[in-house]
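Let's take a friendly tour of the inside of this protein. Please have a look at the sequence and structure below before reading on.

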Amino acid sequence: MCDLIQQCDTIDDKLKEGDKNILIDGFLDLYSSPEQRVENLRAEIPVQVKGTMGKLKPNKHGVVKFMARAKALKRYRDVYYGVLLFVVGVNKNSRLGEDVFFAQLLPYNINCALSKTCPNQEKTSVPIKPFPTNPKEMTRIITALNANRKKQMKAKVVAYDFDGDTKTLPEDINSISVSTQLYKGERVTTIAGLENAYVYGKDMEGQLVVLGKIEDVAMFARGAEVNVASGDFELTTLLMLGDHREGTYIEFEGVSMILRDDHRVTLSFGIKGPIRRRYNTARFVHEFMRTGELRVEGKTLLRTKIESDPDLEMRLDEDVCACGEFVETLGALSIAVDWDSADMTTKELNDLALMHRLLVEGKPWAGQDIESPIVHFDIQGCRVYALVRKCGDGSYAFTGLDSDQLCFSFSSPDEKEPEVRGPFEPVPAAMVLGKDDLQKAVNLDLGKFDAQFDRFPVTVGNQTPLNQKLLDMLTAYDEGARQPQGLLACAAVLARRLHEFDQKSQTYLLNLLQTIGRKREFNEEEKSALGKR
């Protein structure tokens, strides 16, 4: 152990050979610089060294179960707030230490080990892992242990099992954080910095709580919305980029890659899930198989040679064709949701194909008569609305809900006195939808809805029913809408238009603030306006 530690220029061992201390075998002095002077001393790390005859054999996770005395674990926790445990495998013939394993026996780890013991159980297993021989990684582990030991002295320690059946945090935890130990110049996603890291949380009273420990990390990545492209296909999506045990890891839209240090590329993908995702996966892989190129934000990230696979290329072509028409329909009709075709019925798939023919290709409908100028298609509990006009030849032309070719006018509250409103004060077609319709609608386009009010503005005659429609939109949002954010955004447009039409109206101001308050916190100006109200 002393031979290993001597390689670290900021650590000095105070381990005595043949030490008979009843609990620990000494300390490791941790310094802030290679100049090991008193003013640079950061901490003394308590150490316990154990020996075991024979070679230590890790399991498939690289872990060995070491049996430790329960009483000793309790003393490590209560007296020292944790120790660094080393277990050395001793060669039977030479009697020399060979393999060195370690465990961070901090209060959290000790509590986890003790939680599995019975009242009179003398020993319990502690997982130990190989101790690195690289001075940089040895220093990282010891420095991180010191930082976490200090944290856990002030924290409430619980044995929260992230590997068990529990998948949710305790109810009283309102924030979590992960501590990592990095060197200058290292990326945040460096796996070495995350190994042996602890997960901390804070409860409602601000008390620091130790929630877990991260072990056996295979990949650590962070995500950002970027433009990803290969060949003639590009899309903006969430790209995960980080470190993998075998190289650099990239993941997006059902595609994952490992860029190995020897410049080989491992590509994995799965064409499944929502329609858009299926299409994006198939299109990207098809282009990547053809070009071997990956571009991110316009810059070539990698270029490699891909062996031809005619069978795979044929299957990818079939997937692209099967999903392409549906994706075009979703985009053309501003449908925000993304259905999984595996969950859709034959009728729903046929309706999606019919929407493409009627609304995207613009082909006329020559089937049965249609009485209402507004129709809808039901898919997976959602509704896609469309407008219908009868043509001179008796067929029907379908247009989207946001079309400027059709508009509606509210009827007068009193048909005997039509002068209460003007003879024709049109509003956007979406305003004909009732509360239940608004809850199920999934083809509300914010930009087009806003633009329609330039052509069909708020007037003296239509302001009152438009305000009632705003209340219907907010109620539909509150009771649960299929496209909640899109509906709320459209409601905000209508509330703003009403307020701009009559800025003296306290009702319109209050409705605008109620709409904003459903989306975000009020700013100071809005708080002031609400206070005056």
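## Terms and model

Ala, Val, Leu, Ile, Met, Phe, Trp, Tyr, Cys and Pro count here as nonpolar, Asp, Glu, Lys and Arg as charged, and the others, Gly among them, as polar. This is a predicted model, with local features needing pLDDT of at least 70 and side-chain atom pairs pLDDT 80 or more, while totals for chains, interfaces and linings use all residues. Residues are numbered from 1 along each chain as its sequence is written, and side-chain values use heavy atoms, without hydrogens and water.

## The cavity

A cavity is a set of points on a 1 Å grid over the protein atoms alone where a 1.4 Å probe fits but cannot get out; its lining residues have an atom within 4 Å of a point. Points are joined across faces, edges and corners, and the volume is the space filled by probe spheres set on them. The structure holds 1 cavity of 30 Å³ or more, and the largest has a volume of about 50 Å³.

Its lining has 4 nonpolar, 2 polar and 2 charged residues; among them are Asp402, Asn443, Phe449 and Gln452.

## Helix H10

Phe449 and Gln452 are also buried residues of H10 (residues 446-455), as is Phe453. Buried means under 20% relative accessible area and exposed over 50%, with partly exposed in between (1.4 Å probe, protein chains only); helices are DSSP runs (H or I, at least four residues), numbered from the N terminus. The three cover an arc (of directions from the helix axis to the C-beta atoms) of only 100°, so they lie on the same side of H10.

The face turned away from that buried side carries the exposed Asp454 and Arg455.

Key
On a 1 Å grid over the protein atoms alone, a cavity is a set of points where a 1.4 Å probe fits but cannot get out, and a pocket is an open set with protein on both sides within 12 Å along at least five of seven lines; lining residues have an atom within 4 Å of a point. Helices (H or I, at least four residues) and strands (E, at least two) are DSSP runs, numbered from the N terminus.
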